[in-house]
Amino acid sequence: MKKVFFTVLLTLVMSFTAFAGTLTFPIASDMDLAAADDASMQEFASLVKEGYRMFDTAGLLSDGEEDEMQQRLENLKTAFGHDFAIITVNDHTYSADFDAYCDMLYYKGGFGTGNGRDGSLLVVDLGTRDWEIYAQAGAMRYLTDSAIDQIARSYNGGFLSLLSDGDYYGAFYRYVESVDALYKQGIQQDQYNYDPVTGEKDPYYKENKPFLRLWQIIVSLVMSLLSGLAPVNSVKRQYAMETEKRAAQSVNKAYRATAAFAYDPQLSGARIIGKSTRSVIIPRTQEPKGPQGGGAAFGGGQSTGHASMGGGQHSSGGGKF
């Protein structure tokens, strides 16, 4: 009897251990990121360091949905090397505007990969009804002003309409899906970072400028022509074969003098009488317009820079839902 009891007990312990190893613990909704106090920021930064990227402190998702979003955000980071996170709060009390609040979360949370701290956030405040997509360093090249607007409003229907309807899981799912498509298509040829303070533009694809000055190019061309002219003329004289040309011309004249050709339509076997032909216009393939189908390229253009807490600039876009 004791053997049976210990066997059952051991089985239960092993089962619990295996099950506990698969558990993920969602971010507690009582962590007060909205207040942005020192204690909350320290806890926030420690969780970011542990690998958490889905912070649903407003309690909009179920535990299972939160775990799924956490996994999807991790997959994005693995695939593209940038940091990605979603943060929800309820009625933030940060003294500055919402963009500065998102910037503070990014830097105090310790987000970003590499020396430039490449990455982005989607921050949603259920109380103030604010939303913002925030991009830092390398992520600015992808999340341009146009891309942010399209992800929110038009790409595959946009996530903003779902957010307004209270379908928070659907909104976050569509957001992650859109960011994945944006990164897969790559940075657009017309992308540039714009500094509104200095007016400077920093294009991702630099123009190839000539490394020689104009007078250097002209002198090089003249010298090349002069150095090549004499050898070419010498070889041309040697291989001109003037005698052979005159002999060939005489033969051609004799042949043309004795040659004759006559066309008799009565002897021709070709007859195309009473026949007709038909032409068909092949329609031109129509290119898809806009990002609604999800396959056309989107984004590109300008990324407007804003001063960041940690120095440098970030791009962002947002509004109310």
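Let's start with Tyr106: is this residue buried or exposed? In this predicted model, Tyr106 counts as buried, because its relative accessibility is 0%. Tyr107 counts as buried too, since its relative accessibility is 14% and the cut-off for buried is under 20%.

Now, what do these two rings do together? To describe a pair of aromatic rings, we give the distance of the centres and the angle of the planes. A search of the whole structure finds 15 aromatic pairs. Tyr106 and Tyr107 make one of them, with 5.8 Å from centre to centre and 70° between the planes, and that pair is edge-to-face. Another edge-to-face pair is Tyr204 with Tyr205, where the centres are 5.0 Å apart and the planes are at 85°. Have a look at how covered that second pair is. Tyr204 is partly exposed, at 39% relative accessible area, and Tyr205 counts as partly exposed at 35%.

Back to Tyr106 for a moment. Which residues share a ring cluster with Tyr106? The ring pairs link Tyr106 and Tyr107 with Phe44, Phe55, Phe111 and Tyr134.

Next, the sheet. Here 6 strands form an open sheet with mixed pairing, and if you walk across it, the order is S1-S2-S3-S4-S9-S8. At the edges you find S1, residues 54-56, and S8, residues 306-307, each pairing on one side only. Inside that order, S4 and S9 run antiparallel and are joined by 7 bridges. If you want a place to put your finger, find Trp131, which stands opposite Gly319 in S9.

Those two strands come up again with helix H5, residues 145-153. Which residues of H5 are buried? They are Ala147, Ile148, Gln150, Ile151 and Ala152. The buried residues of H5 pack against strand S4 (130-136) and strand S9 (313-320), and also against helix H6 (160-164) and helix H7 (168-185).

Let's finish out on the surface. Ile218, Val222 and Leu226 form a nonpolar patch there, and together they have about 280 Å² of accessible area. Leu226 is found in helix H8, which covers residues 214-238. Why does Leu226 count as exposed? Because its relative accessibility is 58%, and exposed means over 50%. Here is a handy idea to keep in mind when you look at any helix: an α-helix has 3.6 residues a turn, so residues three or four places apart point the same way. Try turning the model until you can see Ile218, Val222 and Leu226 in their surface patch.

Note on methods
Residues numbered from 1 in each chain as written. Predicted model: local features only at pLDDT ≥ 70, side-chain atom pairs only at ≥ 80, totals over all residues. Heavy atoms only, no water. Patch = residues over 30% accessible without salt bridge, like charges linked within 9 Å, V, L, I, M, F, W, Y side chains within 5 Å. Areas by Shrake-Rupley, 256 points an atom, 1.4 Å probe, with all protein chains shown as cover. Salt bridge = Lys/Arg side-chain N within 4 Å of Asp/Glu carboxyl O. Helix = DSSP H or I, 4+ residues; strand = E, 2+ residues; numbered from the N terminus. Buried < 20%, exposed > 50% of the residue type's maximum accessible area, 1.4 Å probe, protein only. Phe/Tyr/Trp six-rings, centres within 6.5 Å; stacked < 30°, edge-to-face > 60°. Contact = heavy atoms within 4.5 Å. Pairing = 2+ DSSP bridges.
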